Amino acid sequence: MNAGGFHVIALGTVGSTNDELRRLAENGAGSGTVVWATEQTAGRGRRGRGWISPPGNLYCSVLTRPRGDAIRALQLGFVTGVSLVDGLARVLANEARIQCKWPNDVVINGRKAAGVLLESATDGAGGVDWLIIGIGINVVSHPSTAELLYPATSLAAEGVVGIGARAVLSSFLEAFASWSRRWDEEGFQVIRSAWLERALGLDRDIVVRLDQETVTGRFVDLDETGALVLAVEGVRRTIAAGDVFPVVA
Ligand code: BTN
């Protein structure tokens, strides 16, 4: 499959598409190489969690070789979030509310439908050798809420019928080609604004679970590094890593 300038390598069952692509990256594969698998036996999520990966859903990883430093490279997580929202909006074509949830998740009607795992290697000279964007999208099924930190959904559960992982992948890649071009040409500001326009919980109180504490505050911004900016009792607090939840009344 050659979708919009991407070279897509379609595989059956793998451990993790990120690991498959990492091997290719280390052997010199070019930016735009994509590994797509029908099933994963060792799918990984953020913060050391697993990603349950039965057949029917989309599991893919996109290889990028961004110029600049690691901070700039991580902006690609937000390029991906915006592209997922736009790519999914095209296949959903109904009234579903599709939003970005910080840092890189996508929720449909408040439930998580897609997750993103970024992994990278430096080039030893202050730059990035490769950054792999691993993407899981619940197309036909999703784990039960009892197994998860955050309630999940799938495209099927949101009323999408007759659209498989292949169509979802090409819709995403089309959006990603366009947003990554804009990021490269115009910089992060345009992505930051697009992401904030699609953000879940902006200007509302949210709960953020960090490794050692839980913080509640008003979600006011995304800074230039992609960190979440909260107003906590009137004081701005910047958070680089954590899990976002709605405030339970
Ligand atoms: C998360 O929300 O925690 C991120 C989930 C990322 C899952 C995808 S599935 C394809 C790629 N391969 C993996 O092992 N993980 C990512």
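In these legends, buried means under 20% relative accessible area. Everything shown comes from a predicted model.

**Figure 1. A close look at helix α4 and its buried residues.** Here's α4, which runs over residues 165-186. The helix has 22 residues and spans 31 Å from its first C-alpha to its last, close to the 32 Å expected at 1.5 Å a residue. Its buried residues are A165, V168, L169, S171, F172, L173, A175, F176, A177, W179, S180 and W183. A bit of helix geometry helps when reading that list: with 3.6 residues a turn, an α-helix has residues three or four places apart pointing the same way. Just after α4 comes G187, with a positive phi of about 95°.

**Figure 2. F6 and F176, one of six aromatic pairs in the structure.** The two ring centres sit 6.1 Å apart with the planes at 45°, so this pair counts as tilted. F6 belongs to strand β2 (residues 6-14) and F176 to helix α4, so the pair ties together parts that are 170 residues apart in sequence. Both F6 and F176 are buried.

**Figure 3. Y150 and F245, with K101 over a ring face.** The rings of Y150 and F245 have centres 5.7 Å apart and planes at 40°, so here too the pair is tilted. Y150 is in the loop between β8 (128-137) and α4, while F245 is in strand β13 (residues 243-246), and the pair links these distant parts of the chain, 95 residues apart. Y150 and F245 are both buried. K101 joins the view by lying over the face of F245, at 5.9 Å from the ring centre.

**Figure 4. An aromatic cluster, plus a charge over a tryptophan.** F78, F188, W195 and F219 are linked into a cluster by ring pairs. Also look for W183: the charged end of R72 sits over its ring, 4.0 Å from the centre. W183 is one of the buried residues of α4.

**Figure 5. The largest pocket and what lines it.** How big is the volume of the largest pocket? It comes to about 580 Å³. The lining takes in 35 residues, and those closest to the pocket centre are G45, R46, G50, W51 and K112. At least two lining residues come from each of α1 (17-26), β4 (58-64), β7 (111-122), β8 and β13. β7 gives the largest share, four residues. Sorted by class, the lining has 16 nonpolar, 11 polar and eight charged residues.

**Figure 6. The second largest pocket, with β7 in its lining as well.** This pocket has a volume of about 400 Å³. It is lined by 16 residues, and L74, P103, N104, L118 and A240 lie nearest its centre. Two elements, α2 (70-74) and β7, give two or more residues to this lining. The largest share is again from β7, with three residues. As for class, 11 of the lining residues are nonpolar, three are polar and two are charged.

**Figure 7. A cis peptide bond at W102 and P103.** Zoom in on the bond joining W102 and P103 and you'll find it cis, with omega about 0°. P103 sits in the loop between β5 (98-101) and β6 (105-108). P103 also turns up in Figure 6, among the residues nearest the centre of the second largest pocket.

**Figure 8. R47 and E233, two non-glycine residues with positive phi.** R47 has a phi near 55°, and E233 has one near 50°. Where do they sit? R47 is in the loop between β3 (33-40) and β4, and E233 is in the loop between β11 (228-232) and β12 (235-239). R47 counts as partly exposed, at 34% relative accessibility. E233 is exposed, with a relative accessible area of 80%.

**Figure 9. G5, an exposed loop residue.** Look for G5 in the loop between β1 (2-3) and β2. Is G5 buried or exposed? The cut-off for exposed is over 50% relative accessible area, and G5 has 65% relative accessibility, so it counts as exposed. A37 lies 32 residues from G5 along the chain, and the C-alpha atoms of the two are separated by 19 Å.

How values were computed:
Residues are numbered from 1 along each chain as its sequence is written. This is a predicted model: local features need pLDDT of at least 70, side-chain atom pairs count only at pLDDT 80 or more; totals for chains, interfaces and linings use all residues. Side-chain values use heavy atoms; hydrogens and water are left out. Rings of Phe, Tyr and Trp (its six-membered ring) pair if their centres lie within 6.5 Å; planes under 30 degrees apart count as stacked, over 60 as edge-to-face and the rest as tilted. Buried means under 20% relative accessible area, exposed over 50%, partly exposed in between (1.4 Å probe, protein chains only). A charge sits over a ring if NZ of Lys or CZ of Arg is within 6 Å of the ring centre and within 35 degrees of the ring normal. On a 1 Å grid over the protein atoms alone, a cavity is a set of points where a 1.4 Å probe fits but cannot get out, and a pocket is an open set with protein on both sides within 12 Å along at least five of seven lines; lining residues have an atom within 4 Å of a point. Grid points are joined across faces, edges and corners, and a volume is the space filled by probe spheres set on the points. Ala, Val, Leu, Ile, Met, Phe, Trp, Tyr, Cys and Pro count as nonpolar, Asp, Glu, Lys and Arg as charged, and the others, Gly among them, as polar. The expected span of a helix is 1.5 Å times one less than its number of residues.
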